[in-house]
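Hello,

Here is the structure I promised to pass on. Please open it first, then read my notes below.

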Amino acid sequence: MAVLRPGSIRSPRPRTLAAPLTALFAAVALTCTLTPAHAATTPSRGSAYLGIGVLAHDGRGGAPTTGAQATQTEGVDVSAYQGNVAWSTLWTSGVRWAYSKATEGTYYTNPYFAQQYNGSYNVGMIRGAYHFATPDTAGGAAQANYFVDHGGGWSRDGRTLPGTLDIEWNPYGAACYGKTASQMAGWIADFVNTYKARTGRYPVIYTAASWWTQCTGDYSGFAVNDPLWIARYAADPGTLPAGWAFQTMWQYTSSGPTVGDHDRFNGALDRVQALANG
């Protein structure tokens, strides 16, 4: 941009130009100040994780009661954000199952996936993998295949949970990824059906009730086959999306010990094993 120096503007009406020029400089300065900050609010592709939009959209409403732990089994979920995880510490604290992010879209794989997925298994946990969905970048079938091909499969070993589809607010743009409710339901169906065809199991669906209502129109068609993993940072799981009478898992906090994201399986350890066995 040209630099304006004293005397470089020649006009018979300097006072008339002063106000517009002042406004122009102020606008340019404001743009330069705000643009980097605004850019920083949009994360880089691949950096999303389970529950990335929960606090911003639903907030935090308290903590679960301690007594609820008697019939629920503690778990955690991790991504590249946590790096190499201290699995023995988590095991000692009572965590018995874990999910690790494997993939996002058709363009990202978690560089810490092996340490996280195998590390949780090696200390005795029942483990699983999850996929962060980006319905604006590729179809549901393509993303399901990418997920299975990069760690999201399933085996009947009694210690591996079916893969999870993480479908929630878009951290990179429009909340519903530019899709109508019917288009979103169709995208999810393509993912679910492809995953089932590839692995023999229906995937778990992770979501928040408010996003599900906004972006699928509270569609109830997946409740018959797909276990629900609900996200809500409050004293209880709250009202569930249509069709599901209960949640299989509940992400109840993003600020737990050792790693932030802690979860509860709706049942004792033998129910976690039953889901793993199919």
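What follows covers the pockets, the nonpolar cores and two backbone angles.

Please keep in mind that this is a predicted model.

Pockets first. The largest has a volume of about 270 Å³. It is lined by 16 residues, and Pro227, Phe246, Gln247, Thr248 and Leu275 are the closest to its centre. Helix H8 (residues 269–277) contributes the most to this lining, three residues. By class, the lining of the largest pocket splits into ten nonpolar, four polar and two charged residues.

The second largest pocket holds about 200 Å³ of space. Its lining also counts 16 residues, with Tyr49, Gly51, Tyr81, Ser254 and Asp261 the closest to the centre. Helix H2 (54–58) and strand E1 (73–78) are the elements that each give two or more residues to that lining. Here the classes are nine nonpolar, five polar and two charged.

Now the cores. The largest nonpolar core has 53 residues, and Trp97, Ile167 and Ile188 touch the most other members. H6 supplies the largest share of this core, six residues. Another core lies apart from it, with nine residues, including Val76, Val85, Trp87 and Leu90.

Last, the backbone. Two residues other than glycine have positive phi values: tyrosine 177, near 60 degrees, and threonine 258, near 70 degrees. Tyrosine 177 sits in the loop between strand E5 (164–166) and helix H6 (181–199). Threonine 258 is in the loop between strand E8 (249–253) and strand E9 (262–265). Are they buried or exposed? Tyrosine 177 is buried, because its relative accessible area is 5%, under the 20% cut-off. Threonine 258, at 46%, is partly exposed.

Best wishes

Note on methods:
Residues numbered from 1 in each chain as written. Predicted model: local features only at pLDDT ≥ 70, side-chain atom pairs only at ≥ 80, totals over all residues. Heavy atoms only, no water. Helix = DSSP H or I, 4+ residues; strand = E, 2+ residues; numbered from the N terminus. Buried < 20%, exposed > 50% of the residue type's maximum accessible area, 1.4 Å probe, protein only. Core = buried A, V, L, I, M, F, W, Y, C linked by side-chain atoms within 4.5 Å. 1 Å grid on protein atoms, 1.4 Å probe; cavity = no way out; pocket = protein on both sides within 12 Å on 5 of 7 lines; lining within 4 Å. Points joined across faces, edges and corners; volume = space filled by probe spheres on them. Nonpolar A, V, L, I, M, F, W, Y, C, P; charged D, E, K, R; others polar.
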